[in-house]
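Biologist: I should be grateful for a close look at the pocket in this model, followed by an account of the parts of the chain around it. Please keep the description connected, from one element to the next.

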Amino acid sequence: MAAVKHCMSPTVTASVDPINFYKKIGQAGVINMMAQPTFTSEKTIEVHVFVDVQYLDLEKRQFAKERACDAYFTFVSLSIDDFLPQKVPPLKLLTADEEESFKLGEQRYKARKELRKQEKIY
C-alpha cells in the first residue's frame, strides 16, 4: 500500500531483497507490519517493510515489542490507462534520517542494477 499511496497508481513488485529474520513469532504474538518508502528512481520505488511482534510480559504487566523481520521491496508504478511503467513521483525528504535512508536506497538500487547486468552476461 505504501507504494500505491505514494505513486497514486497501481504498482507491481519488481524485486524483494533478502528477508532478515530476527525473532520468531509465536502464537500469542500480535504483529504490526509497517512500510516506509525509502528511495525512488525514475520508474521504481523502494519500500522498507518491517514486522514487529508484541507479547504481553506477564511479570512486568506490559507489552514487549521486538522487530521480527524486515526487507526491502522494489515496485514499479503502472499507468492507469495502459498499465505500462510510468514515472514515480520523487520522495519529499523532510529529515536527515530520510535523506540517509534515500542515499542507502540509492546504493541498493545501483547494486541491484549491477547484479542484473552481471546475470545477463552468463
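Modeller: The largest pocket is lined by Gln-36, Pro-37, Thr-38, Leu-91, Lys-92, Leu-93, Leu-94, Glu-98 and Ser-101. Please bear in mind that the model is a predicted one. The volume of this pocket comes to about 170 Å³. Strand 3 provides the largest share of its lining, namely three residues. Helix 2 also takes part, since strand 3 and helix 2 each supply at least two lining residues.

Two of the lining residues, Gln-36 and Thr-38, lead on to His-48, for both are among the residues in contact with His-48. His-48 itself is located in strand 4, which covers residues 44-57. Beyond its close neighbours in sequence, His-48 also contacts Met-34, Ala-35, Asp-70, Ala-71 and Tyr-72. With Asp-70 there is a polar contact between the two side chains, at 3.0 Å. His-48 counts as buried because its relative accessibility is 13%, and the limit for that class is under 20%.

Strand 4 also leads to the largest nonpolar core, a set of eight residues: Ala-2, Ala-3, Cys-7, Ile-45, Val-47, Val-49, Phe-75 and Val-88. At least two residues of this core come from strand 4, and at least two from helix 1 (2-7). Phe-75, one of the core residues, touches Ala-3, Ile-45 and Val-47, which are core members as well. Leaving out residues up to four places away in sequence, the other residues that Phe-75 touches are Thr-11, Val-12, Thr-13, Ala-14, Lys-43 and Thr-44.

Charged pairs can be followed next. Side chains of opposite charge can pair when their charged atoms come close. The structure contains six salt bridges. One of them joins the side chains of Asp-17 and Arg-112, with an N to O distance of 2.9 Å. This pair connects distant parts of the chain, 95 residues apart: Asp-17 belongs to the loop between strand 1 (11-16) and strand 2 (20-21), and Arg-112 to helix 2 (residues 96-121). Both Asp-17 and Arg-112 are buried.

Arg-112 has a further salt bridge, to Glu-46, in which the closest N and O atoms are 2.5 Å apart. Here helix 2, which holds Arg-112, is linked to strand 4, which holds Glu-46, across 66 residues of sequence. Arg-112 is classed as buried because its relative accessibility is 13%, and Glu-46 is likewise classed as buried, at 1%. Through shared partners, salt bridges join Asp-17, Glu-46, Arg-108 and Arg-112 into one network.

Another salt bridge is formed by Lys-23 and Glu-66, whose closest N and O atoms lie 3.4 Å apart. Lys-23 is in the loop between strand 2 and strand 3 (30-40), while Glu-66 is in strand 5 (residues 62-77), so this pair ties together parts that are 43 residues apart in sequence. Lys-23 is partly exposed, with a relative accessible area of 33%. Glu-66 is also partly exposed, at 36% relative accessibility.

To return to the starting point, strand 3 and helix 2 both contribute to the lining of the largest pocket. Helix 2 also carries Arg-112, which is linked to Glu-46 in strand 4, and strand 4 is the place of His-48.

Methods:
Residues are numbered from 1 along each chain as its sequence is written. This is a predicted model: local features need pLDDT of at least 70, side-chain atom pairs count only at pLDDT 80 or more; totals for chains, interfaces and linings use all residues. Side-chain values use heavy atoms; hydrogens and water are left out. Helices (H or I, at least four residues) and strands (E, at least two) are DSSP runs, numbered from the N terminus. Buried means under 20% relative accessible area, exposed over 50%, partly exposed in between (1.4 Å probe, protein chains only). A polar contact is a pair of N or O atoms within 3.5 Å; within protein, one must be able to donate a hydrogen and the other to accept it, and residues adjacent in sequence count only if both atoms are side-chain atoms. Contact means heavy atoms within 4.5 Å. A nonpolar core is a set of buried Ala, Val, Leu, Ile, Met, Phe, Trp, Tyr and Cys residues joined through side-chain atoms within 4.5 Å. A salt bridge is a side-chain nitrogen of Lys or Arg within 4 Å of a carboxyl oxygen of Asp or Glu. On a 1 Å grid over the protein atoms alone, a cavity is a set of points where a 1.4 Å probe fits but cannot get out, and a pocket is an open set with protein on both sides within 12 Å along at least five of seven lines; lining residues have an atom within 4 Å of a point. Grid points are joined across faces, edges and corners, and a volume is the space filled by probe spheres set on the points.
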